[in-house]
Structure formats: structure tokens, C-alpha cells
Amino acid sequence: MSEDLDKPLNSEIRVILFGAGAIGSEIARLLLRRRGVKIVGAVDAAPEKIGKDLGDIIGLERKLGVPVLSNLDDLNVEADIAIHATTSFLKDAYPQIAALIKRGLNVISTCEELSYPYIINEEIAKEIDESARRHSVTVLGTGINPGFVMDTLVITLTAVCQEIRCIHAERVIDAAKRRLPFQKKIGAGLRPEEFREKAAKGEILGHVGLRESIAMIASSLGWKLEEIREDPAEPIISNEKVKSEFISVEPGFVTGLSRKAYGIMSGEPKITLIFRAYLGAREEYDCVMIDGEPVVCGKISPCIHGDKGTAAVVVNSIPRVIGAPPGLKTMKDLQVPSAILGDFRSFLY
Ligand SMILES: NC(=O)c1ccc[n+]([C@@H]2O[C@H](COP(=O)([O-])OP(=O)(O)OC[C@H]3O[C@@H](n4cnc5c(N)ncnc54)[C@H](OP(=O)(O)O)[C@@H]3O)[C@@H](O)[C@H]2O)c1
């Protein structure tokens, strides 16, 4: 349990926002609509944001009295938890998260590789865990995916199974409805050969987290996988003209991408995850199929909105993270997740 549980229930949960980009801003706007929780500080390295009031950065028409600082060391406020949203990669997130832990802050991060970091860098995962325990705080990596649709939701659905032969989950997104940076991230508008060159250089990933989701599912079930295999990003080529608010893609050009990953056991793919994001997807959905006893099969259509869903999972995890035992945790280690619509203080236990 966090030491902060000793504080009187009438003090709000104090939050520091570390990273005020698209997702950090969505999280901040949601926090402002919640009771019993308060943003007390903000850090972001982008020069155009530094020194401005957080209200201006997140698109409010009012000031919040929270200036965006370039450096955590300059932040002179007490807080209970930091929401970290700067990077997908554990090696980049690690020094930032280590500094937050040293300040005695619980941390929830949208860093995809932190959602199940043991398969990325065991040493860093161990250091985060040990440091968090020393400082009596809890650290969690989460979001919509990884963090929910292809791992926590799948894991929860397996609870009704007596036997499981294999698991398949798929997420399909119409990228035309997303921000321009997302459309660029999936290579929309590129020639197929340009896409393949960039993908080979690791410049187009499209999605990070399938491997982490597979590892989390397998660990929950007690499956010892021989291998987690991920195919290179595959371009989806348009056979008609498609467009979004920002770009137009001619037939024969790349409209988005597909990523596939497999958890292999006894030479067979026991867990298959497929992520597709492209302009002009006819149907957006999240789908889970568990071939087991009983069979569990479900489709959520349209798919859960990525940015809104990420902000919700992060914010709704706040009391659960503060209340969890110290150390590095993953979604499977915490209480069953839910929305929190009441006063956050009454969810501290
Ligand atoms: N798990 C999930 O489901 C999920 C969902 C959504 C997003 N994510 C991940 O969450 C991360 C944030 O997403 P986003 O869309 O908000 O990205 P973004 O718009 O690029 O925002 C990131 C912000 O963090 C700042 N930043 C980077 N390094 C920093 C540092 N060392 N100290 C302080 N600020 C720093 C950036 O400044 P500069 O622009 O100057 O670098 C930028 O303002 C991404 O890696 C994204 O992939 C995960």
C-alpha cells in the first residue's frame, strides 16, 4: 500500500503530467472532469509548450495555473502520482520514470514497452521494480493497446474457459478518422517500395505492443511460449482513391498497414494478434476469438476509440495503482479494471 493512504480523505489525489502531447492532453482534459483528483504540475520538452499555462496547451479557454516546465527538477510541488506520456520505448522512458520514482511518485505510463517490459529488457524492468519498492511506489504501463483490448480484455474473457486451444484477437482501425501524425505513422500515401524501405529501417512501426500483449496473456494463463514472433509491417495497398481530412491516397499507393504477431508453443501459434490501420477501412472493430471449452467469441464494432480509450484506462487506473503494493506492475497484476465515475478518493483502499 502507498504511504499516501495515511493522508486525510479530503485531500485530492495530486497528479503531475509528464508529457503534454496528444495523449497527455487527452488525459489532462479527462482528469479535469473527474472528482477528487487534481493536476498540480506539468512537464514537457517541446519548446513551443514550455512556460505556457497547461490550459492553453490542452485547448481550454481558461488558465489552470499550471505552467508547463521543461524539466522535472524545476517542478517544486508535492504530488501522489505522475502520468507519463512521452515515448513508446523502454530505454527512453527509463531515465524519466526513474526520476519520477526517486521523487516518491507512483507512475502510470503510456509507454507501450512498459506494459510488459520483462520481454524487452529484463535488467531495466528489474531496476524499475526495485527502485519502486525502495520508494514505496507503484509503476504501471498501460493504455488502450497495449493495456486493454488485446491483453486485459482477452485475459478477462479467458476466465470462463475450462480449456483453451488457441486465441485470436484483431483490431481494425479506419485511419482516416485519426490525426495526421497517426496517418503518417502508418505510412499512408507512400509508394509501396518507399514503405518497405522505411519499414526495413525501422522508420515505420505503425504499432508497438503486440509482443507485450502476447507475453502478458501467456503469463496469465501459465503458458510457456517457445517464441514470440512478429512479422514485419506489411503495407495495405489501396485499390481505389481514398482520402482523409489531411491526405488523399491514389490507387496503388499505401493506405496503411497490417501487423501480425504470434505466441508459439509446441511449434503452433497459440496466440495470434493482428492489428490493421488504414484509410478507408469499411468496418472498424475489435474482435476476440478464444477456441476453447467453451468457445468465447466477441466483436466490438466500431473499435474502441484509441485516444479516448487510452486516456480512460490511464485515469481509471489511478486509484488502483496508488492502492497496489509497491513495485512494477502490469495490468494483469491489478484489480479488475472499470470506469471510475465517483469521487476518486473513495476508491483509495
Ligand atoms: N499504450 C497505448 O495504448 C498508447 C496509446 C496512445 C499513445 N501511446 C504512446 O504514448 C506516447 C505519447 O503519445 P502522444 O500521441 O501524446 O505523443 P506526442 O504527441 O508526440 O507527445 C509526446 C510529448 O512528450 C514530449 N516529450 C518527449 N520526450 C520528453 C522528455 N524527455 N521530457 C519531457 N517531455 C518529453 C514531446 O515533446 P517533443 O515533441 O519536443 O518531443 C511531446 O510534447 C507515444 O509513445 C505513444 O505511442 C500509447
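## Exercises on a predicted model

Helix α9 (residues 306-316) is largely enclosed by the rest of the structure, because nine of its eleven residues are buried. Buried means under 20% relative accessible area, exposed over 50% and partly exposed in between, with a 1.4 Å probe and protein chains only. Helices (H or I, at least four residues) and strands (E, at least two) are DSSP runs numbered from the N terminus.

Some ground rules before we dig in. This is a predicted model, where local features need pLDDT of at least 70, side-chain atom pairs count only at pLDDT 80 or more, and totals for chains, interfaces and linings use all residues. Residues are numbered from 1 along each chain as its sequence is written, and side-chain values use heavy atoms, with hydrogens and water left out.

**Exercise 1.** Work out which elements the buried residues of α9 pack against, and what D307 touches.

*Solution.*
- Step 1: list the buried residues of α9, which are G306, D307, G309, T310, A311, V313, V314, V315 and N316.
- Step 2: look for their contacts, where contact means heavy atoms within 4.5 Å. The partners are α1 (22-32), β4 (81-84), β5 (106-109), β7 (163-174) and α10 (318-323).
- Step 3: zoom in on D307, which sits in α9. D307 counts as buried at 11% relative accessibility.
- Step 4: skip residues up to four places away in sequence, and D307 touches I23, E26, R178 and R179.

**Exercise 2.** Decide how the protein chain's radius of gyration sits against the globule rule.

*Solution.*
- Step 1: take stock of the fold, which has ten helices and 16 strands.
- Step 2: apply the rule, 2.2 Å times the number of residues to the power 0.38, with the radius taken over C-alpha atoms. For 349 residues it gives 20 Å and the chain's radius is 20 Å, so the chain is as compact as a globular protein of that length.
- Step 3: add the box, roughly 60 × 50 × 35 Å along the principal axes for the C-alpha atoms.
- Step 4: check burial, which covers 54% of the 349 residues.
- Step 5: check the contacts between residues at least 6 apart in sequence; 73% of these join residues at least 24 apart.

**Exercise 3.** Find the aromatic pair and classify its geometry.

*Solution.*
- Step 1: recall the cut-offs. Rings of Phe, Tyr and Trp (its six-membered ring) pair if their centres lie within 6.5 Å; planes under 30 degrees apart are stacked, over 60 edge-to-face and the rest tilted.
- Step 2: search the structure, which holds one such pair.
- Step 3: Y116 and Y118 are 4.9 Å apart centre to centre with 80° between the planes, so the pair is edge-to-face.
- Step 4: compare the surroundings. Y116 is buried at 10% relative accessibility, while Y118 is partly exposed at 31%.

**Exercise 4.** Track down the backbone oddities at S266, S136 and two prolines.

*Solution.*
- Step 1: S266 lies in the loop between β12 (254-265) and β13 (268-278) and is exposed at 62% relative accessibility. Its phi is positive, about 50°, although S266 is not a glycine.
- Step 2: S136, in the loop between α4 (122-134) and β6, also has a positive phi, near 55°.
- Step 3: turn to omega. The bond joining N145 and P146 is cis at about 10°, and the one from S301 to P302 is cis near 5°.
- Step 4: place the prolines. P146 is in the loop between β6 (138-141) and α5, and P302 in the loop between β15 (296-300) and α9.
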